[in-house]
Every structure is written in C-alpha cells, then in structure tokens.
Amino acid sequence: MEVLVYPDPVLRRGGKPIATFDADLRKTAEQMMAAMYEEVGCGLAAPQVGIELKLLVLNPSGDRNDTDGEKVLCNPKITKKKGREFGEEGCLSFPGMHAEVERWIEITVEYQDLAGQPQKLAADGFLARVIQHEMDHLDGVLYVDRLTASEKLRVKAQLQELEAEFRARA
C-alpha cells in the first residue's frame, strides 16, 4: 500500500460510508495498519492510500510492538466536543512537514468496528487530535486547510516543493 502525497487529487475525494463488513474490509484495515507503521505514522485514513471509504486506523504510540492503542474506526462521527487548543501535527501525505493546527481537546466519537457493531469512544489530548486529523481525510479535508494565515505562510515553500515534486512525477 502506498501513501499518496500532496497534492494528489485523490486526497480531496474523501471516503464513502462502509456498507459491507467482511474479510476484505478486515484485510484492508490490516494492510493500512502495516503501511502506517512502515511510514512511521500514528494514524492513516483510507483516502490516503487511494481507497474511497470512511475507514481509518490509528495507534497513538506509533509503535507496531505496542498494539494496545490500535484502533480501527469505520464510519466515524464526532457526537460531542469540548475545548480548543493548538498543537503541532504532521501528516504522512505531507512528508517532512509539521504545522500548528487547532483542534477540539475532548471528543466523543461514535463509529462501527470491523464487524459493523456500533461503538463509542471518549478521547482527549493526542488521541483526540489523531482521530480528528484522520477523520478530516475521510471528508477530503487536509490539515493545511486548517492552518492560520501565518502558519500557511510559514509552510508555503514546503507546499510548493511538494507540488513541484508531484508535477515532476506526473
């Protein structure tokens, strides 16, 4: 599985709701988790690997040997949110780039597991940030869309470099 890099237009497509919870979905989630670890990330959304589904995988530790934090969320929706704060984020689709992004501090997310069963998760801090970041991908929203004007200016050269590299590959 290859992680798509900005400005690949597939990243803007987002994902469609998951209707079939089967072995193929479980295999896709396993492959996404492996790709996330391979790229040294802590979260990955299906659109980032060219799959148009509302599916994300995460592990806040980013450590493949620490599986306690592994989560797979299908069709997630935030149902409660509280507080806002800025924090530094990176993204596997923006290699080498980090920027300050404002997110909710505490969230409750309802989702389905890989068997299609409804689940609810209360998250705060870094876990909440990872979930919100990955959920944005499911709607075709990239973290650079959430930057303040000054942050956008600060990372402008890096974005232009990614755009030039993309055009050179095309």
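## The start of helix 1

At the start of helix 1, aspartate 22 makes a polar contact. One of its side-chain oxygens comes to within 3.2 Å of the backbone nitrogen of aspartate 24. Note that this is a predicted model.

Helix 1 covers residues 23-38, which makes 16 residues. From its first C-alpha to its last, helix 1 reaches 22 Å. That is close to the 22 Å expected at 1.5 Å a residue. Just after helix 1 comes valine 40, with a positive phi of about 60 degrees.

## The buried side of helix 1

Which residues of helix 1 are buried? They are Leu25, Thr28, Ala29, Met32, Met33, Ala35, Met36 and Tyr37. A general rule helps in reading such a list. An α-helix has 3.6 residues a turn, so residues three or four places apart point the same way.

What do the buried residues of helix 1 pack against? Their partners are strand 1 (43-45), strand 2 (55-58) and strand 3 (71-90). Helix 1 lies across these three strands. Its direction is at about 45 degrees to strand 2.

## The sheet

Five strands build an open sheet. Their order is 1-2-3-4-5, and the pairing is antiparallel. Strand 1 and strand 5 (118-124) are the edges, and each pairs on one side only. From one strand to the next, the twist averages 35 degrees.

Now take one pair of neighbours. Strand 2 and strand 3 run antiparallel and are joined by four bridges. Leucine 58 has its bridge partner in strand 3: lysine 71. In general, strands of a sheet pair through backbone hydrogen bonds, either parallel or antiparallel.

## Helix 2 across the sheet

Helix 2 lies across strand 1, strand 2, strand 3, strand 4 (98-112) and strand 5. It runs at about 85 degrees to strand 4. Helix 2 spans residues 125-138.

## Leucine 138

Leucine 138 belongs to helix 2. Is leucine 138 buried or exposed? Its relative accessibility is 3%, so leucine 138 counts as buried; the cut-off for buried is under 20%.

Which residues does leucine 138 touch, leaving aside those up to four places away in sequence? The contacts are Gly14, Gly15, Ala45, Ala46, Pro47, Leu53, Lys54, Leu55, Leu56 and Pro76. Glutamate 88 is 50 residues from leucine 138 along the chain. The C-alpha atoms of these two residues are separated by 20 Å.

How values were computed
Residues are numbered from 1 along each chain as its sequence is written. This is a predicted model: local features need pLDDT of at least 70, side-chain atom pairs count only at pLDDT 80 or more; totals for chains, interfaces and linings use all residues. Side-chain values use heavy atoms; hydrogens and water are left out. Helices (H or I, at least four residues) and strands (E, at least two) are DSSP runs, numbered from the N terminus. Buried means under 20% relative accessible area, exposed over 50%, partly exposed in between (1.4 Å probe, protein chains only). Contact means heavy atoms within 4.5 Å. The expected span of a helix is 1.5 Å times one less than its number of residues. A polar contact is a pair of N or O atoms within 3.5 Å; within protein, one must be able to donate a hydrogen and the other to accept it, and residues adjacent in sequence count only if both atoms are side-chain atoms. Two strands pair if DSSP finds at least two bridges between them. Axes are lines fitted to C-alpha atoms, for helices over the stretch in contact, and angles run from 0 to 180 degrees between N-to-C directions.
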